[in-house]
Amino acid sequence: HVCWQSASLSTPVVRYGTGTPDMTVTGTSDQLAAGVVWHDVLLTGLAPGTAYSYRCVQGADSSAVFTFSTAPSPSATTGHIRFAIISDSQEYAAQSSMVVDSMRAMMTRLWGNDVARSVGVVIHCGDICSSGAVLSQYQSQYFTSMAPVSASVPFMISIGNHEGESDYYYRYMRYGEFGGPRGDRYYSFRYGRLQFIALNTNGKYRDDAQIAWLDSVCAAAENDDQVDWIFTYGHHPALSETWPDGNTPYTETRILTTLGKYTKSTLHMAGHTHAYERGAMKDAPVHTLIFGGAGGALDRWRGYANQTDYTMVSRSHDHHGYALVDVDLAAGSYTFRAFSLGS
C-alpha cells in the first residue's frame, strides 16, 4: 500500500518500476473530513527481494521519486533482515522528529545510505498521537515526524491506548490483508523467514479469543520450516520498573505465557512506559523490551513511589531513543542495539 493525505479528490495514481517508474496503478480515496482525503494505491504482483522506484500523482501534482524494497522470499537463507523499533511518539512532534532523524542517520551509518534496501520495516508499538479521535493530530504529530523514513520503509503499528480504537486510526492503517479473526484489530505478517505478530492490548481485546489466535499463529510458525523467528509486539508491557502503573497482567500472564511455549519466540516488544527497559522470561527463550521513548514525556526515576525492581527486567533507563535489529539469516542469530538520545 502506498498511501498519502491531501486536500484533493483527484484520482490517486502511483507510477512505479524496477528502473524508471513507468507502470501505473490507480487507487481509492477516503474523505475523512472537508479538505482531508486519504489516498491508497495497492501494488500487487511485486517480485520478492526487489527494489522499486515510485512517485505519487494526482492530476498535475506529483511527489518526488522514492524507493521501497519488497521482503525477501521465505526460501532465502542468506543475507540480512533489519528492522527498527519505536513507540509512544504522541504529541511531542519536535522530540519524535529528533528520534526519527537520529534513527535514519544511524541506519545509514551502520548499513549504507539506501535505507529502502537495507531496512525492511519499522515496528511502532502504538500511541502515534495524543488522541486518535482528533483527526488533525495524525498529520501534525505522526505523519510529519515519520516522513524521513516512512516514504521508503513500511511502518507496522500495534494500536495504543491513545488511539482509543478510533475509526480514524483504522481508516488510515492498511493491515486488513494480515488481519486476525477481528480484521486488522490485531494481525500477523511474514517478512522473509521472520514471523511478526501485532497484538491489541487495549482493554476491549484482552480476551481469550486473541490468545487463541496468537497460539494458533505461533503454532503454525513453529511447525513451518521457512520460519526461523517469531517477533511479537503490543502496546502495553508486562512489568515496568520505571512506571509500574503501566503493568498489564494480560501481557504478563496470557501473552508471555503463550509465547513461552514456542522455541522460535525470541522478542516481545512494547511501549506505554516512556523509557527503555529490557529483560527476559525466566523459563522461556523470550526476551522482553519496552521502548516508549519516541517522543512522549519521559517516565522518570524517582517520579513514582511504587517503582519496583523486577527479576525479569535487567536494565531500565528513562531515556528517549529507538532500537535496531539486524537478523543474520545464514548465522541464525540477530544483533539487537538500543540507541539513546539521553534523558
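This note goes through the cavities, one sheet, the salt bridges and one buried residue of a predicted model.

1. **Cavities, overall.** Rolling a probe the size of a water molecule over the atoms shows where empty space is left. In this model the count is two cavities of 30 Å³ or more. The largest has a volume of about 100 Å³. The second largest holds about 40 Å³ of space.

2. **Largest cavity: lining.** The lining comprises 14 residues. Nearest the centre are Ala238, Leu239, Thr288, Leu289 and Ile290. Two or more lining residues come from each of helix 6 (249-259), strand 16 (265-270), strand 17 (276-280) and strand 18 (287-291). Which element gives the most to this lining? Strand 18 does, with three residues.

3. **Largest cavity: chemistry.** By class, the lining divides into nine nonpolar, three polar and two charged residues. When you inspect this site, start from the central residues, including Thr288, Leu289 and Ile290.

4. **Second largest cavity: lining.** The residues around this space are Ile157, Ser158, Ile159, Tyr169, Tyr170, Tyr175, Asp184, Arg185, Tyr186, Tyr187, Ala198 and Leu199. Helix 4 (167-172) and strand 13 (183-191) each supply at least two of them. Strand 13 has the largest share, with four residues.

5. **Second largest cavity: chemistry.** Nine residues of this lining are nonpolar, one is polar and two are charged. Asp184 and Arg185 are among the lining residues. So is Ser158.

6. **Three-stranded sheet.** Strands of a sheet pair through backbone hydrogen bonds, either parallel or antiparallel. Here three strands make an open sheet, ordered 1-5-4, with antiparallel pairing. Strand 1 (2-6) and strand 4 (28-33) are at the edges. Each has a single partner strand, so one side of each is left without a neighbour in the sheet. From one strand to the next, the twist averages 20°.

7. **Strand 1 against strand 5.** How many bridges join strand 1 to strand 5? There are five, and the two strands run antiparallel. Strand 5 covers residues 36-41. Within it, valine 37 stands opposite serine 6.

8. **Salt bridges, overall.** Side chains of opposite charge can pair when their charged atoms come close. The structure holds 12 salt bridges. Three of them are taken up below, with the accessibility of each partner.

9. **Asp114 and Arg117.** The side chains of aspartate 114 and arginine 117 meet at 2.9 Å, N to O. Is each partner buried, partly exposed or exposed? Aspartate 114 is partly exposed, because its relative accessibility is 34%. Arginine 117 counts as exposed, because its relative accessible area is 58%, and the cut-off for exposed is over 50%.

10. **Asp167 and Arg171.** This salt bridge has an N to O distance of 3.3 Å. Both residues lie in helix 4. They are four residues apart, about one turn of the helix. Arginine 171 has 24% relative accessibility and so counts as partly exposed. Aspartate 167, at 48%, is also partly exposed.

11. **Arg190 and Asp224.** The closest N and O atoms of arginine 190 and aspartate 224 are 3.0 Å apart. The pair links distant parts of the chain, 34 residues apart. Arginine 190 lies in strand 13. Aspartate 224 is in the loop between helix 5 (208-222) and strand 15 (229-233). With a relative accessible area of 33%, arginine 190 is partly exposed. Aspartate 224 is partly exposed too, at 23%.

12. **A shared network.** Which residues are joined into one network by salt bridges that share partners? They are Asp30, Asp167 and Arg171. Asp167 and Arg171 are the helix 4 pair of point 10.

13. **Methionine 156.** This residue lies in strand 11 (residues 155-157). Its relative accessibility is 8%, so methionine 156 counts as buried; the cut-off is under 20%. Histidine 272 is 116 residues away along the chain. The C-alpha atoms of methionine 156 and histidine 272 are separated by 16 Å.

Notes
Residues numbered from 1 in each chain as written. Predicted model: local features only at pLDDT ≥ 70, side-chain atom pairs only at ≥ 80, totals over all residues. Heavy atoms only, no water. 1 Å grid on protein atoms, 1.4 Å probe; cavity = no way out; pocket = protein on both sides within 12 Å on 5 of 7 lines; lining within 4 Å. Points joined across faces, edges and corners; volume = space filled by probe spheres on them. Nonpolar A, V, L, I, M, F, W, Y, C, P; charged D, E, K, R; others polar. Pairing = 2+ DSSP bridges. Axes fitted to C-alpha atoms, helices over the stretch in contact; angles between N-to-C directions. Salt bridge = Lys/Arg side-chain N within 4 Å of Asp/Glu carboxyl O. Buried < 20%, exposed > 50% of the residue type's maximum accessible area, 1.4 Å probe, protein only.
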